[in-house]
Amino acid sequence: MEHIVEKIHSENTPIPLSTLLPWSAFITLMVLLSVYFIGAEQGATAVFSGNQIHEYFHDARHLLGFPCH
């Protein structure tokens, strides 16, 4: 126990915006798509025909409180 490190020096380097920007754009796009498919893809606002998308996200709608029937 003779060699105890009392001070640890570490430098905090900021993350460059050019690295952060593509990830934030991707995450924003995924969130917007998720909100659309869970909350709006049904009935008159449907982009896709049929009930496949509605039935796939049906339980998520109920879980998040979106009315769907």
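**Reading a three-helix chain**

Mentor: Start with the surface. The accessible surface of the chain is about 6500 Å², and carbon and sulfur atoms account for 67% of that. Keep in mind that this is a predicted model.

Trainee: What share of the 69 residues counts as buried?

Mentor: Burial is read from relative accessible area, with buried meaning under 20%. Here 10% of the 69 residues pass that test.

Trainee: How does the radius of gyration of the chain stand against that of a compact globule of 69 residues?

Mentor: Set the value beside the globule rule. A compact globule of 69 residues would come out near 11 Å, but this chain has 23 Å. The spans of the C-alpha trace add to the picture: about 70 × 30 × 15 Å along the principal axes.

Trainee: Which secondary structure elements does the chain have?

Mentor: Count the helices and strands, then read their order. The chain has three helices and zero strands. From the N terminus, the order is α-α-α. Helix H1 covers residues 17-39. Helix H2 covers 52-56, and helix H3 covers 58-64.

Trainee: Leu17 is in helix H1. Is Leu17 buried or exposed?

Mentor: Compare its accessibility with the cut-off; exposed means over 50%. Leu17 has 62% relative accessibility, so Leu17 counts as exposed.

Trainee: How far apart are Leu17 and Val5 in space?

Mentor: Read sequence separation and spatial distance together. Leu17 and Val5 are twelve residues apart in sequence, and their C-alpha atoms are 35 Å apart.

Trainee: Which residues make the nonpolar surface patch?

Mentor: A patch joins nonpolar side chains that are accessible and lie within 5 Å. This one is made by Trp23, Phe26, Ile27, Leu29, Met30, Val31, Leu33 and Val35, with an area of about 780 Å². Take three members in turn. Trp23 counts as exposed because its relative accessibility is 57%. Phe26, at 44%, is partly exposed. Val31 belongs to helix H1. Its 47% relative accessibility makes Val31 partly exposed.

Trainee: How many aromatic pairs does a search of the whole structure find?

Mentor: One. The ring centres of Trp23 and Phe26 are 6.5 Å apart and the planes stand at 85 degrees, so the geometry is edge-to-face. An angle over 60 degrees earns that label.

Trainee: What separates Trp23 and Phe26 along helix H1?

Mentor: About one helical turn, because Trp23 and Phe26 are three residues apart in helix H1.

Trainee: Where does Phe57 lie?

Mentor: Place the residue first, then look for partners distant in sequence. Phe57 is in the loop between helix H2 and helix H3. Setting aside neighbours within four places in sequence, Phe57 contacts Phe37 and Ile38.

Trainee: And what is the C-alpha separation of Phe57 and Gly39?

Mentor: It is 8.9 Å, although Phe57 and Gly39 are 18 residues apart along the chain.

Conventions: Residues are numbered from 1 along each chain as its sequence is written. This is a predicted model: local features need pLDDT of at least 70, side-chain atom pairs count only at pLDDT 80 or more; totals for chains, interfaces and linings use all residues. Side-chain values use heavy atoms; hydrogens and water are left out. Patches are made of residues with over 30% relative accessible area and no salt bridge: like charges are joined within 9 Å, nonpolar side chains (Val, Leu, Ile, Met, Phe, Trp, Tyr) within 5 Å. Accessible areas come from the Shrake-Rupley method with a 1.4 Å probe; for residues, only the protein chains shown count as cover. A salt bridge is a side-chain nitrogen of Lys or Arg within 4 Å of a carboxyl oxygen of Asp or Glu. Helices (H or I, at least four residues) and strands (E, at least two) are DSSP runs, numbered from the N terminus. Buried means under 20% relative accessible area, exposed over 50%, partly exposed in between (1.4 Å probe, protein chains only). Rings of Phe, Tyr and Trp (its six-membered ring) pair if their centres lie within 6.5 Å; planes under 30 degrees apart count as stacked, over 60 as edge-to-face and the rest as tilted. The radius of gyration is taken over C-alpha atoms; the globule rule is 2.2 Å times the number of residues to the power 0.38. Contact means heavy atoms within 4.5 Å.
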